[in-house]
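Subject: A structure for you, with notes on its charged pairs

Hello,

Here is the structure I promised to pass on. Please open it alongside this message, and the notes below should be easy to follow.

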Amino acid sequence: MKFFVDTADIAEIRDLSASGIVDGVTTNPSLIAKTGRPIREVIKEICQTIEGPVSAEVTATHFDGMIAEGESFAQIAANVAVKVPSTWDGFRACRALGRLGHKVNVTLCFSANQALLAAKAGATFISPFVGRLDDLGLDGMEVIREIRAIYDNDKSLRTEILASSIRTPLHVKQAAIAGADIATVPPAVLRNLAKHPLTDKGLESFLADWGKTGQTIL
């Protein structure tokens, strides 16, 4: 499973990408707003920082506006993926933008049916929001499993499942087990994947024993 980092914070992206585990970036209007900077400036800098796909989300809600904004985003850099919502206009825009050669991330997906429509429209990525489904007392990971089964049943569908609205390391593990191709993860959650109390305890013990020897490696 690939990792995208869900942020518009350039410093965070640079720091995390240095580890070699970040394969792309997702942003949305809320994350861009937090930077206090012009959206095109932010997207351009992210695209210069990382080679993988960088999702930039349209704010238009109708087909013509989505196309205009999507083409504008796509002109920023070759690795931009235009983000459109899981609506009828969004699926139409997905089809049109894809035919123009642009990557498209269909977002705000909450059902397997929406994911099927997105794939039929030629989406590069589908973004089911597992955390927001959990908030309603539903099983967000069940939607991932359903989408995986549907896509596996039709080999003509090339859309990658991008598990979104990830809240915890457990979500990441569950998404990987359920068959998601990608998880987009907030920086804090991504860092927490490396943490385990037994690792900390073991390292502390090893270093204490090593300190007693009085040796140095260099």
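To start with something you can check on screen: is R148 buried or exposed? R148 is buried, with a relative accessible area of 18%. Please keep in mind as you look around that this is a predicted model.

**The pair in helix α8**

R148 has a partner: its side chain meets that of D152 in a salt bridge, at 3.2 Å from N to O. Both residues belong to helix α8 (residues 140-153), and because they are four residues apart there, about one helical turn separates them. The partner has another kind of setting, since D152 counts as partly exposed at 36% relative accessibility.

**A pair between two strands**

A search of the whole structure finds 13 salt bridges, so there is plenty to browse. One that I would look at next is formed by E57 and K83, whose closest N and O atoms are 3.8 Å apart. This pair links distant parts of the chain: E57 sits in strand β3 (residues 54-57) and K83 in strand β4 (residues 80-85), with their positions 26 residues apart in numbering. As for their surroundings, E57 is buried at a relative accessible area of 14%, and K83 is buried too, at 5%.

**The pair in helix α11, and a network**

Moving on to helix α11 (residues 197-213), you will find D209 and K212. They form a salt bridge in which the closest N and O atoms are 4.0 Å apart. Here the partners are three residues apart in the helix, so about one helical turn lies between them. D209 counts as partly exposed, at 43% relative accessibility, whereas K212 counts as exposed, at 70%. Elsewhere in the list of pairs, R14, R37, E41 and E45 are joined into one network by salt bridges that share partners.

**A nonpolar patch**

Which residues make the nonpolar surface patch of about 440 Å²? They are W210, I217 and L218. Of these, L218 lies in the segment after α11. L218 is exposed, with a relative accessible area of 97%.

If you only have a few minutes, I would suggest viewing the buried E57 and K83 and then turning to the exposed L218.

Happy browsing, and do write back with any thoughts.

Best wishes

Notes
Residues are numbered from 1 along each chain as its sequence is written. This is a predicted model: local features need pLDDT of at least 70, side-chain atom pairs count only at pLDDT 80 or more; totals for chains, interfaces and linings use all residues. Side-chain values use heavy atoms; hydrogens and water are left out. Helices (H or I, at least four residues) and strands (E, at least two) are DSSP runs, numbered from the N terminus. Buried means under 20% relative accessible area, exposed over 50%, partly exposed in between (1.4 Å probe, protein chains only). Patches are made of residues with over 30% relative accessible area and no salt bridge: like charges are joined within 9 Å, nonpolar side chains (Val, Leu, Ile, Met, Phe, Trp, Tyr) within 5 Å. Accessible areas come from the Shrake-Rupley method with a 1.4 Å probe; for residues, only the protein chains shown count as cover.
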